[in-house]
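Let's take a walk through a protein model and see how its parts fit together. Keep the structure open while you read.

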Amino acid sequence: MKNVFVMDHPLIQHKLTLIRDKHTGSKEFREAVKELAMLMGYEATRNLPLEEIEIETPLCKTKTKVLAGRKLGIVPILRAGLGMVDGMLNLIPAAKVGHIGLYRDPETLEPVEYYCKLPADVHERDLIVLDPMLATGGSAKAAIQFIKDKGATSIKFMCLIASPEGIKVISEAHPDVEIYVAAIDERLNDHAYIVPGLGDAGDRLFGTK
């Protein structure tokens, strides 16, 4: 799919192996997720526009480039998306951070927004939505739609591991959203976990069960 970018850089793949390993503890898992987000952020921001300005070095005046155009924002999907925020902020410290939280209605099984706090100028920003796992795609699909409903028009989605099913859901529901992923795994199992995956990213980040 033309809107899906799989990142096969050796450092990304090495750190991905670390977070897949069930013997990796929460501290090491958090550190690797943070580092992965920063490494993947290089690719997700590759097409940011530049403009030329004139500065003065210790030797002479010269023309050089700086970021131009729209401002940036990152939006983690609670709670697992929080693990990717610091890595992205290391890369783009001036970015504003929004948050979106969802839960699944036990009767309708539809995602329901319980928290959404975005920058006031969200319509002027390029947003990158963060979630380590893209499984069924239901939550990410809903989160992106909620963010669009708040006025956002430029959105990318970044995750560490995705299922083919989740990729299909996002691509069909939001064909305008580019997806950045470190690995697309085999499938979902009967409990909607990605196989081989890494288990529950939130539990592994925060040491809960």
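## A look inside

Let's start with Leu134, which counts as buried because its relative accessibility is just 1%. Leu134 belongs to strand S9. Keep in mind that you're looking at a predicted model. Who does Leu134 touch, once you set aside its neighbours within four places in sequence? Its contacts are Ala140, Phe157, Cys159, Ile161, Ala162, Ser163, Gly166, Ile167, Ile170 and Ile194.

Leu134 also turns up in a database record. An unreviewed UniProt entry lists a "binding site" made of Arg79, Arg104, Asp131, Pro132, Met133, Leu134, Ala135, Thr136, Gly137, Gly138, Ser139 and Asp200. From this set, the lining of the largest pocket takes in Arg79, Arg104, Asp131, Met133, Leu134, Ala135, Thr136, Gly137, Gly138, Ser139 and Asp200.

Now find Pro132, another residue that the record lists. Pro132 sits in the loop between strand S8 (125-130) and strand S9 (133-134). Is Pro132 buried or exposed? With a relative accessible area of 2%, Pro132 is buried. If you don't count residues up to four places away in sequence, Pro132 touches Ala80, Gly81, Met84, Cys159, Leu160, Ile161 and Ala201. Cys159 is worth remembering, since it's among the contacts of Pro132 and also among those of Leu134.

## The nonpolar cores

Time to look at the greasy parts. In soluble globular proteins, nonpolar side chains tend to be buried together. Here, the largest nonpolar core has 35 residues, and Ile19, Met88, Leu130, Met158 and Leu160 are the ones with the most contacts inside it. Several elements supply at least two residues each to this core, among them helix H1 (10-20), helix H2 (26-44), strand S4 (71-78) and helix H3 (85-91). Others on that list include strand S10 (154-162), strand S11 (178-184) and helix H6 (201-206). Which element gives the most to this core? That's H2, with 7 residues.

For a closer view, pick Met88. Beyond its neighbours within four places in sequence, Met88 is in contact with Ala37, Gly41, Ile74, Ile128, Leu130 and Met158. There's also a second, separate core of 27 residues, including Val129, Ala140, Ala143 and Val177.

## Cysteines that stay apart

A disulfide is a covalent bond between the sulfur atoms of two cysteines. How many disulfides does a search of the whole structure find? The count is 0. Take Cys159: its closest cysteine sulfur is in Cys116, 20 Å away, and that is too far for a bond. For comparison, two sulfurs would have to be within 2.5 Å to count as a disulfide. Cys159 is also buried, since its relative accessibility is 0%.

## Two pairs of rings

A pair of aromatic rings is described by the distance of the centres and the angle of the planes. This structure holds 2 aromatic pairs, and here they are:

| Pair | Centre to centre | Angle between planes | Type |
|---|---|---|---|
| Phe5 and Tyr180 | 4.9 Å | 15° | stacked |
| Tyr103 and Tyr114 | 6.4 Å | 35° | tilted |

Why is the pair of Phe5 and Tyr180 stacked? Their planes are at 15°, and planes under 30 degrees apart count as stacked. Phe5 lies in strand S1 (residues 4-6) and Tyr180 in strand S11, so this pair ties together parts that are 175 residues apart in sequence. Phe5 is partly exposed, with a relative accessible area of 33%, whereas Tyr180 is buried at 4%.

What about Tyr103 and Tyr114? Tyr103 is in strand S6 (residues 99-104) and Tyr114 in strand S7 (residues 111-117), 11 residues apart. Tyr103 counts as partly exposed at 41% relative accessibility, and Tyr114 counts as partly exposed at 47%.

## Two residues in helix H1

Finish with helix H1, home to Lys15 and Thr17. Lys15 is buried, with a relative accessible area of 17%, whereas Thr17 counts as exposed at 52%. Not counting residues up to four places away in sequence, Lys15 touches Ala32, Glu35, Leu36 and Leu39.

How far apart in space are Thr17 and Ile53? They are 42 Å apart, C-alpha to C-alpha, and 36 residues apart in sequence. Try finding both in the structure.

Terms used
Residues are numbered from 1 along each chain as its sequence is written. This is a predicted model: local features need pLDDT of at least 70, side-chain atom pairs count only at pLDDT 80 or more; totals for chains, interfaces and linings use all residues. Side-chain values use heavy atoms; hydrogens and water are left out. UniProt positions are given in the numbering used here, feature names are shortened, and annotations may be inferred rather than shown by experiment. On a 1 Å grid over the protein atoms alone, a cavity is a set of points where a 1.4 Å probe fits but cannot get out, and a pocket is an open set with protein on both sides within 12 Å along at least five of seven lines; lining residues have an atom within 4 Å of a point. Helices (H or I, at least four residues) and strands (E, at least two) are DSSP runs, numbered from the N terminus. Buried means under 20% relative accessible area, exposed over 50%, partly exposed in between (1.4 Å probe, protein chains only). Contact means heavy atoms within 4.5 Å. A nonpolar core is a set of buried Ala, Val, Leu, Ile, Met, Phe, Trp, Tyr and Cys residues joined through side-chain atoms within 4.5 Å. Rings of Phe, Tyr and Trp (its six-membered ring) pair if their centres lie within 6.5 Å; planes under 30 degrees apart count as stacked, over 60 as edge-to-face and the rest as tilted.
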